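Here is a short, friendly tour of the structure shown below. Keep the viewer open as you read, so that each part can be followed along the way.

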Amino acid sequence: MSNFFAELEQKLLNPLFQAAGIDAQQCQVLLSSWEKIIIAEATMKAIKAMPQADSQALIEQIKTLATNEEKIVAFNEGVAKSDAATQAVEKYFQEELPETLTRLANCFTDNATPEQKARLKELLLHQNPQTG
Amino acid sequence: MSESQNLQEKLTLDSAIANFTTEKQVEALVDPMVSELVKAGVSFSPSPIPITNIISGLTQ
């Protein structure tokens, strides 16, 4: 797991899920799903931002590659060559993902009991003492 | 319809996120090519995302 996902999980997602009363095993399933969704979203943003001919060529190239390592290298090189793809990924992480996380947090606070809200605050302050 | 348009049609990940989807649902939602890349381990090293404001809002 990258530092990015470790930080996101530790600082925000785990406290949210725990405060919602989700058991530890299900928390891990959810965290794994979120990681996959975020990577899939970023991957799609990159592919969709490229000129269609470039994305088509990249997809066809990747299909011909045998190993996962080769596919990842080809994908990363394809994204790096495209300013539009690079910018789309950056925009996703800096703007769109935080908006999604805000919606998730608001969804929780709109429906949580006072006890759950208090528990969330306690967990968040424990993980993010500087925000207290 | 082009392949990229097909990919766009298939992706409704925001709704998946909003509904706390399961891993199997994630795999079903994303295009097979993207799913394959995710399984292969495609990742990103983004700058730290601005979640401090979200956390601050929740701890007030």
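## Secondary structure

Chain A contains six helices and zero strands. Read from the N terminus, its elements follow the order α-α-α-α-α-α. Please keep in mind that this is a predicted model.

Chain B is built from five helices, again with zero strands. Its elements, taken from the N terminus, run α-α-α-α-α.

## Overall dimensions and burial

Chain A has a radius of gyration of 18 Å, whereas a compact globule of 132 residues would come out near 14 Å. The extents point to an elongated trace: along the principal axes, the C-alpha atoms of chain A span about 55 × 25 × 25 Å.

Of the 132 residues in chain A, 34% count as buried. For chain B, with 60 residues, the buried share is 23%. Among the contacts in chain A with a separation of 6 or more, 62% join residues 24 or more positions apart.

## How H1 and H2 of chain A meet

How do the first two helices of chain A cross? Helix H1(A) covers residues 3-19 and helix H2(A) covers residues 24-49; their axes come within 11 Å and cross at roughly 135°. That angle makes H1(A) oblique to H2(A), because an angle has to be over 145 degrees to count as roughly antiparallel. The crossing of the two helices is right-handed.

On the H1(A) side, the contact is made by Phe5(A), Glu9(A), Leu13(A), Asn14(A), Phe17(A) and Gln18(A). H2(A) contributes Cys27(A), Leu30(A), Leu31(A), Trp34(A) and Glu35(A). Sorted by class, this contact has seven nonpolar, two polar and two charged residues.

## A closer look at Asn14

Is Asn14(A) buried or exposed? This residue is found in helix H1 of chain A, and it counts as buried because it has 20 C-beta neighbours inside 10 Å. The cut-off for a buried residue is 20 or more, so Asn14(A), with its 20 neighbours, meets it.

Which residues does Asn14(A) touch, once those up to four places away in sequence are set aside? They are Glu9(A) and Cys27(A). Both of these also appear among the residues that make the contact between H1(A) and H2(A).

There is a long-range relationship to look at as well. Asn14(A) and Leu124(A) are 110 residues apart along the chain, and their C-alpha atoms are separated by 9.1 Å.

Definitions and conventions
Residues numbered from 1 in each chain as written. Chains lettered and ligands numbered in written order. Predicted model: local features only at pLDDT ≥ 70, side-chain atom pairs only at ≥ 80, totals over all residues. Axes fitted to C-alpha atoms, helices over the stretch in contact; angles between N-to-C directions. Helix = DSSP H or I, 4+ residues; strand = E, 2+ residues; numbered from the N terminus. Parallel < 35°, antiparallel > 145°, perpendicular 65-115°, else oblique. Left-handed = near helix turned anticlockwise from the far one by under 90°. Contact = placed C-beta atoms within 7 Å. Nonpolar A, V, L, I, M, F, W, Y, C, P; charged D, E, K, R; others polar. Rg over C-alpha atoms; globule rule 2.2 N^0.38 Å. Buried ≥ 20, exposed ≤ 12 C-beta atoms within 10 Å, placed from the backbone.
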